[in-house]
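Welcome, and please take a moment with the sequence and the model before reading on. We will start from a single side chain and work outward from there.

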Amino acid sequence: MRLGVTRSTRAALGATAIATALALTSCAAGESSTGGSSQGGAKGNATLTFLTFETPNLTAKYWDDAIARASAAVPGVTVKKLVAPSADRVGYAKQLAASGQLPDIMIGVSPNGFAQAGQLAAWSDAELADFVSPHANPIGGKVYQLPYNSQPTPLV
């Protein structure tokens, strides 16, 4: 499972809040300079856009429940779900980025290209400490996604 978070999101909310919000899917965050939709309100509220996908196993209900758990864990954060319209999630993310709408959080999207363009921030060693192979698949020596063995499993 791959996940990225935009630069503005990390700046607005801090890595700890993002990690808490995303713990529900066992994924990690990077950042983008495109601005996404994470805008802090006057009272510290923020809205994050989350690009995901749906399958028979990872249904709309699965993602909606995960988003609800994250929202409850991080007061003041609203997560807006975007569903990729096809299996080409990378192409869709590129289309969104080209229009200035790169999502704050992306799951199942390769960071390749986005990282080199400076649209994602790397995970720190401290944030990756709990993973078996924390430095898998680096780009330029930095890790922009969690190791592949971090696939979420729907609760039964």
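**Starting from one lysine**

Lysine 81 is partly exposed, with a relative accessible area of 24%. This is a predicted model, and this lysine makes a good entry point to it. Which residues does lysine 81 pair with through its charge? One partner is aspartate 64, and the closest N and O atoms of this salt bridge are 2.8 Å apart. Here the chain brings distant parts together, since lysine 81 sits in strand β3 and aspartate 64 in helix α2, 17 residues apart. Glutamate 54 also forms a salt bridge with lysine 81, with 3.1 Å between the closest N and O atoms. That contact again links distant parts of the chain: glutamate 54 belongs to the loop between β2 and α2, lysine 81 to strand β3, and 27 residues separate them. Taken together, Glu54, Asp64 and Lys81 are linked in a network of salt bridges.

How covered are the two acidic partners? Aspartate 64 is partly exposed, at a relative accessible area of 40%, and glutamate 54 is partly exposed as well, at 36%. As for the chemistry behind such pairs, side chains of opposite charge can pair when their charged atoms come close.

The salt bridge count comes to 3. Besides the two at lysine 81, there is one between the side chains of lysine 61 and aspartate 65, at 2.6 Å from N to O. Both of these residues lie in helix α2, 4 residues apart, which is about one turn of the helix. Lysine 61 is exposed, with a relative accessible area of 56%, while aspartate 65 is partly exposed, at 32%.

**From the lysine to the strands**

Let us now move from the side chains to the backbone around them. Strand β3 covers residues 77-83 and runs parallel to β2, to which 7 bridges join it. One pair in this ladder can be picked out by name: threonine 49 has lysine 80 in β3 as its bridge partner. To get from β2 to β3, the chain passes through helix α2 (residues 60-73), and this β-α-β crossover is right-handed.

Strand β2 has another neighbour too. With strand β4 (residues 105-107), β2 pairs in the parallel sense over 2 bridges. Leucine 51 meets its bridge partner there, methionine 106 in β4.

Is β2 mostly covered or mostly open to solvent? Of the 7 residues in strand β2 (residues 46-52), 6 are buried, so the strand is mostly covered. Leucine 48 is an example to look at: this residue is found in strand β2 and is buried, with a relative accessible area of 2%. Its C-alpha lies 4.8 Å from that of valine 79, although leucine 48 and valine 79 are 31 residues apart in sequence.

**Stepping back to the whole chain**

With those local pictures in mind, the overall layout is easier to follow. The chain has 3 helices and 4 strands, and from the N terminus on they run β-α-β-α-β-α-β. Buried residues make up 43% of the 156 residues. The accessible surface comes to about 7,500 Å², and carbon and sulfur atoms hold 54% of that area. Among contacts with a separation of 6 or more, 69% are between residues 24 or more positions apart.

**Where to trust the coordinates**

How much confidence does the predictor attach to this chain? The mean pLDDT is 75, and 66% of the residues reach 70 or more. Confidence varies along the chain: helix α3 (residues 89-98) has the highest mean, at 95, and helix α1 (residues 7-22) the lowest, at 44. Over residues 10-21 the pLDDT is below 50, and this stretch has 24 contacts in the model beyond near neighbours in sequence. Residues 23-42 also stay under 50, and for them the model has 78 contacts beyond four places in sequence. Where pLDDT is low, the predicted coordinates should not be read in detail.

How values were computed. Residues numbered from 1 in each chain as written. Predicted model: local features only at pLDDT ≥ 70, side-chain atom pairs only at ≥ 80, totals over all residues. Heavy atoms only, no water. Buried < 20%, exposed > 50% of the residue type's maximum accessible area, 1.4 Å probe, protein only. Contact = heavy atoms within 4.5 Å. Areas by Shrake-Rupley, 256 points an atom, 1.4 Å probe, with all protein chains shown as cover. pLDDT = per-residue confidence, 0-100. Pairing = 2+ DSSP bridges. Right-handed = clockwise from strand over helix to strand, strands pointing away. Salt bridge = Lys/Arg side-chain N within 4 Å of Asp/Glu carboxyl O.
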